[in-house]
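Subject: Structure handover

Hello,

Here is the structure for your files. My notes on what was found in it follow below.

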Amino acid sequence: METKANYVLIGAFTIVVTLFLLLFALWAAKYSSEKSWREYAVIFNEPVTGLSEGSTVQYNGIGVGTVQQLSLAPDDPRRVIAKLRLQADAPVKTDTRAKLSLTGITGTPIIQLTGGSPNSPRLAESSNGDVPIIQTEASALQNIADTANRLVARLDQVLSDDNVKHVSNTLANIESLTGSIADQRGDLRALIANAKKSSEQLNQALATTNRAVESVDRELAQKLPGIIAKLDSTLTKLDSAATGANGILNDNRAAISSFANDGLAQLGPTLGELRSLVRDLRRISDRLEGNPTRYLLGRDAAKEFEPEKPAR
């Protein structure tokens, strides 16, 4: 009996130790797993079509984790909350941004993390223990969709009924104009021929003008030295004359000054006497012309005697 009791105790001890070691291994694995992975959240304001749980999360093209859970925001169903499970050493910082991306043209969507400057702090949990949230930016897919929507809206505006009517009227006017031009084809040919003839005449006139200008330029170039020489001689003579006049003025400055002061002062009375003399001479001339005998002899002229004729 004692031998069987010892076997029972040994077996029980072995089972207890094995369970303890197993629980310790599980705890250690969980602890290690929790230490090597961190959880983050991303809130998208756009549809995440094609993204699913287990999708890859890349940081600048390098895989750093997976999408753990996808759900709609309880306060706004237009927003999608994606919980990420990333490596603990992934450099997720406050300026890191998340966006949807494609691994290829026809690949599956993934979450692409970009940014994260060296001086930015790491993104940490909030004080109340909430999962840190990575900010998002519009993806290329969203930009393409927005651009397509704007283009469609503008096309709707361009292709409105009024614009279509205006375009139809414009096309009708163009068709009418082309018909009118076709009817006046002969006049257009004549106009083109006249324009060509006028162009030829203009070219001839320009050629003639060019030759005349070249001839004038040659003659001017030939005569220019002689003209310059004559001009230089004339300027030299004028300079000499000016020098001589300046010398004369300097030599007779005293006489000129005396004439200006005294001669001009006496010129006024002399002119007055000269005017009186002219008046006297005019009166004498008038008297001589009217009755010279009386003016010269001091008596009246003798009267002529006319004999009386006998009566018949």
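Which residue forms a salt bridge with Lys99, and how far apart are the closest N and O atoms? The partner is Glu137, and the closest N and O atoms are 3.9 Å apart. Please keep in mind that this is a predicted model.

Salt bridges

The Lys99 pair links distant parts of the chain: Lys99 lies in strand β5 (residues 96-102) and Glu137 in the loop between β7 and α2, 38 residues apart. Lys99 has a relative accessibility of 24% and Glu137 one of 33%, so both fall in the partly exposed class, which runs from 20% to 50%. In general, side chains of opposite charge can pair when their charged atoms come close.

The structure holds 2 salt bridges. Besides the Lys99 pair, there is one between Asp76 and Arg78, with the closest N and O atoms 3.1 Å apart. Asp76 counts as buried because its relative accessibility, 16%, is under the 20% limit. Arg78, at 66%, is over 50% and therefore exposed.

The loop before α2

Ser139 is also in the loop between β7 (133-136) and α2 (140-158). Its relative accessible area is 0%, so Ser139 is buried. Leaving out residues up to four places away in sequence, Ser139 touches Glu46, Lys99 and Leu100. Lys99 is thus a contact of Ser139 as well as the salt-bridge partner of Glu137. The C-alpha atom of Ser139 is 6.7 Å from that of Ser101, although 38 residues separate the two along the chain.

Strand pairing

β7 pairs with β5 in the parallel sense over 2 bridges. Here Arg97 has Gln135 of β7 as its bridge partner. β7 also pairs with β1, again parallel and over 2 bridges. In that pairing Ala41 stands opposite Ile133, and Val42 has Ile134 as its partner.

β1 (residues 37-44) has a further pairing, with β4 (residues 80-87), which is antiparallel and runs over 8 bridges. Within β4, Leu84 is the bridge partner of Tyr40.

Nonpolar core

The largest nonpolar core has 21 residues. Leu84, Leu86, Ile111 and Ile134 have the most contacts inside this core. At least two residues each come from β1, β2 (56-59), β3 (62-72), β4, β5 and β6 (109-115). β4 supplies the largest share, 4 residues. Two residues named above recur here: Leu84, the partner of Tyr40, and Ile134, the partner of Val42.

Leu86 is in contact with Ser36, Trp37, Arg38, Tyr40, Val57, Val64, Gly65, Val92, Leu113 and Ile134, leaving aside its neighbours within four places in sequence.

Rings

How many aromatic pairs does a search of the whole structure find? The search finds 0. Trp37, one of the contacts of Leu86, has a charged side chain over its ring instead: Arg85 lies over the face of Trp37, at 4.4 Å from the ring centre.

Regards

Key:
Residues are numbered from 1 along each chain as its sequence is written. This is a predicted model: local features need pLDDT of at least 70, side-chain atom pairs count only at pLDDT 80 or more; totals for chains, interfaces and linings use all residues. Side-chain values use heavy atoms; hydrogens and water are left out. Buried means under 20% relative accessible area, exposed over 50%, partly exposed in between (1.4 Å probe, protein chains only). Contact means heavy atoms within 4.5 Å. Rings of Phe, Tyr and Trp (its six-membered ring) pair if their centres lie within 6.5 Å; planes under 30 degrees apart count as stacked, over 60 as edge-to-face and the rest as tilted. A charge sits over a ring if NZ of Lys or CZ of Arg is within 6 Å of the ring centre and within 35 degrees of the ring normal. Two strands pair if DSSP finds at least two bridges between them. A salt bridge is a side-chain nitrogen of Lys or Arg within 4 Å of a carboxyl oxygen of Asp or Glu. A nonpolar core is a set of buried Ala, Val, Leu, Ile, Met, Phe, Trp, Tyr and Cys residues joined through side-chain atoms within 4.5 Å.
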